Amino acid sequence: MPLEPAIESGDRSHTLAPVESVAQISSMLLDTDPTLDPALAEIARATATEGVVLLTNDGTLPLGERTVAVFGRVQVDWFAVGYGSGGDVKVPYIWNLLAGLRDAGVRVDDDLATRYSTWSAENRPVFTANWGQWPHHFPEMPIADAEVAAAASRADTAVVAIGRAAGEARDSILEPGSYYLTPEESALLDAVTAHFDRVVVVVDAGNVMDLSWVVAYGDRISAVLLAWQGGMEGARAVAGVLAGESGPSGKLTDTIALSYEDYPSAPNFGHLDVNVYAEDVFVGYRYFETFAPDRVLFPFGHGLSYTTFDLSTTVTTDAGALTLEAVVTNTGAVAGKEVVQVYTGAPDGALGKPARQLAAFGKTGLLAPGASETVRLTVRLDDLASYDDAGATGTRSAWVLEAGEYPVFVGTDVRSATRVAAFDVPETRVVRTATEVAAPVLPFERLTLARAADGSAVVAHETVPTRTVARADRILTTLPAEIPHTGDRGVDLADVAAGAASLDDFVAQLSDEELSLLARGDVTMDSPLGAAGNAGVLGGVSESLRAKGVPPITTTDGPSGIRLAAYASLLPSGTAFASTWNVPLIEELAALHGQEMLRKGSDVLLSPGMNIHRDPLCGRNFEYFSEDPVVSGRIAAAVVRGVQSTGLAACPKHFAANNQETNRTRNDSRVSERALREIYLRGFEICVREAAPRVIMTSYNQINGVWAHYHHDLATVVLRGEWGYEGTVITDWWIEESADPDFPALADNAYRVRAQVDVLMPGGVKRDGAPQAYADTSILDSLARADGLTRAELQRTARNVLGLALALKPVVDARTLEG
Ligand code: BGC
């Protein structure tokens, strides 16, 4: 297997040296073994293969026996993942495209391959050590027209590889080399399309980039394939698809528009302090299919195959649900998989509704030519309700089904799905009442739907409803009751696990200081209490807690692999996962990933990243799944179920509305409650209800003026109250300081604990923008005041954290330190 150097991604500037040394912690011993689990590598390859999306193909693919000239330095310097915590895995090897094509038996033109390999070796990509300053692309090798012509005399097909990366603290930008092609790349495409009759373009990128050139080149480009960033096995998977070892079966989880300006978020993305989510619920295809279908280059759900399928659907309806049996038949000449996608429409009413919304999906297994499979899917009528945040339907703060017809469409992308049935709702009906949460404080204009005289959809605007709830009252009327303090009674956490004592008996013993320690991690990243290179440790962070049986709980990034000082597998990134639309496959992969966590000493994987792809420029889109919350929620649930099947914990992040990296720790996402609930929270809700993650991470940004790590409405009212979440909530790494606007005696971590954001990670404070290796005293200071944080609230948070320790018990017992 060819070993290629991993892409360097720079050091984390906020990593600090340990401040405390704990002797003889076996898990700290540095694991220097580069051997990876072959089964995990194999499923990573299968996943990367299924994530590849074939956008166009005139029959040139698969390459078969053709001789192929491969252009573009990315064939050597392959982008396997994006930048930052979600990509910073110490991986022993990364396949590149050239090696992958040779491995797949493709007849590659050696002269050109040598030219690129030699040039690339002499012109290594330059990375600065500065966090967030990574290159969006690598400069292209200059190549003369005569060289392209010469290659065309030796090979009949060209493959051109174009690469991009973005990442944490590194949004894509509207410039050549990021969202747009560079002049050198355009020149390369000009030359190659001039000399070759068959040209295949491979886009190796974590984000959607401008693809308007696909239209401009027209039939001079024979096929375009989106590789995404598939981890260590990704390029090999792409090569396998190009060669025809496997057929493509990935589908877009985002709309690709004709131009950036077409995206409804475009005017309100990237601003430093405030981003107004003026497009409201009309995100991605919800906007395009309603208002601007002609601005779509490739619709949501699109992806070609090397074979063809016939779809025939039968529907059984009862009052509350509809069951579809879609018989998928492979009518082509080679094996393939197909994704059945179910969309619903909605009647006009008081609430403007998108023309189509994804309701369900399912993927077939590998179907041989002529073979059929029945995909069974269910759509529940109540799930089609819209959230009324204005009282427009007569009921404010409720999920409402407005009267009329809700058509159901089945197909293989959002655009071509055809109507198969409809629900009829005779009268407007409230499906579920809720309570107002996180509403905007300042009004703004949001987009909604109106009809022109001819019935066509036109954009209209309305003023977003603003907050009516008094947060202080809501908190004061729901404060928990205190568990009377008993002092140390010798109850060990193991006694609670064994059922010999209750969790309350255990918590009753804890001093204020012990309780406050459970509400923060071990001060720095790379804690000496966990495996080397960890992201932070929580739980048993003091001698006295460990003496009572509270284990240190090790967290590690992240979505694409375990980020430690030890070697680990680099897996396909989030968008590649989601583009498979294969829930069981992702769950299986995540279960093997969980086994690697066991071997490497990670208890909590800081994954999945599941923010909505609101805009194609968001730097972390590669870690996230989709512009659609149903895809996001279901793929996230698969990751959580898989990881947690090992007894460990997954940690969906970043809760919520973390949709850009620019000024991410201070930015305010101004969003209506309706859009928040229907789009930005919905994926988290699906994940929590389906998979019960043991940990959830808040985001850095503010939501309607309140930082996510202080957001009582989100962390307490919605997450725990409405969705029944019983796990631990942790912060993203460090928090912004702030006094509680309603309770002046609470600041910083006391303000956070009142919100039920349980644990500050990694645990130290941030002063003047820099992380410090000590904890603040804001919890104990506030506790000492009559009008401050109550002991009961701190006990409630301690219970949440100890619940995690107990859930992880089979694993952490073995690691529990001797007092
Ligand atoms: C990122 C998180 C990550 C954490 C720990 C933060 O900067 O936003 O996603 O899990 O660091 O590395």
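**Packing and strand pairing in a predicted 819-residue chain**

The buried residues of helix 18 pack against strand 19 (429–433), helix 16 (629–644), helix 17 (673–680), strand 27 (695–697) and helix 19 (712–722), where contact means heavy atoms within 4.5 Å and buried means under 20% relative accessible area, exposed over 50% and partly exposed in between (1.4 Å probe, protein chains only). Helices (H or I, at least four residues) and strands (E, at least two) are DSSP runs, numbered from the N terminus. The model is a predicted one, in which local features need pLDDT of at least 70 and side-chain atom pairs count only at pLDDT 80 or more, whereas totals for chains, interfaces and linings use all residues. Residues are numbered from 1 along each chain as its sequence is written, and side-chain values use heavy atoms, with hydrogens and water left out.

Helix 18 spans residues 682–691, and 7 of its 10 residues are buried, so the helix is largely enclosed by the rest of the structure. The buried positions are Gly-683, Phe-684, Glu-685, Ile-686, Cys-687, Val-688 and Ala-691. Helix 18 is followed by Ala-692, which has a positive phi near 45°.

At the level of the whole chain, 23 helices and 32 strands are found. The radius of gyration, taken over C-alpha atoms, is 27 Å, close to the 28 Å that the globule rule (2.2 Å times the number of residues to the power 0.38) gives for 819 residues, so the protein chain is as compact as a globular protein of that length. Along the principal axes, the C-alpha atoms fill a box of roughly 85 × 65 × 45 Å. Of the 819 residues, 64% count as buried, and among contacts between residues at least 6 apart in sequence, 78% join residues at least 24 apart. The protein chain exposes about 26700 Å², of which carbon and sulfur atoms supply 50%; accessible areas come from the Shrake-Rupley method with a 1.4 Å probe, and for residues only the protein chains shown count as cover. The mean positions of the 65 positive and 106 negative charges are 2 Å apart, with Lys and Arg counted as positive, Asp and Glu as negative, and His and the chain ends not counted. Each charge is placed at NZ of Lys, CZ of Arg, CG of Asp or CD of Glu.

Several strand pairings can be described individually, two strands being paired if DSSP finds at least two bridges between them. Strand 17 (residues 404–411) is mostly covered, with 7 of its 8 residues buried. Strand 17 pairs in the antiparallel sense with strand 12 (residues 339–344) over 4 bridges, Thr-344 standing opposite Val-408, and also in the antiparallel sense with strand 18 (residues 418–425) over 7 bridges, where Glu-405 has Asp-424 as its bridge partner. Strands 17 and 18 form a hairpin with 6 residues between them.

Strand 6 (residues 223–226) directs Ala-223 and Leu-225 one way and Val-224 and Leu-226 the other way, and all are buried. Strand 6 is joined to strand 1 (residues 53–57) by 4 bridges in the antiparallel sense and to strand 5 (residues 198–205) by 4 bridges in the parallel sense. Val-224 is the bridge partner of Thr-56 and also that of Val-201.

A further 4 strands form an open sheet of mixed pairing in the order 8-26-28-29, with strand 8 (274–276) and strand 29 (706–707) as the edge strands, each pairing on one side only. Strand 8 and strand 26 (residues 668–670) run parallel over 3 bridges, and Val-274 has Asp-668 as its bridge partner in strand 26.

The loop between strand 25 (649–650) and strand 26 holds Ala-656, which is preceded by a cis peptide bond from Phe-655 with omega near 15°. The loop between strands 25 and 26 is also the place of Asn-663, a residue other than glycine whose phi is positive, near 50°, and which is partly exposed, with a relative accessible area of 28%. Asp-748, in helix 20, likewise has a positive phi, about 45°, although it is not a glycine, but is buried, with a relative accessible area of 15%. A cis peptide bond from Met-761 to Pro-762 has omega near -10°, and Pro-762 is found in the loop between helix 20 (748–755) and strand 31 (766–767).
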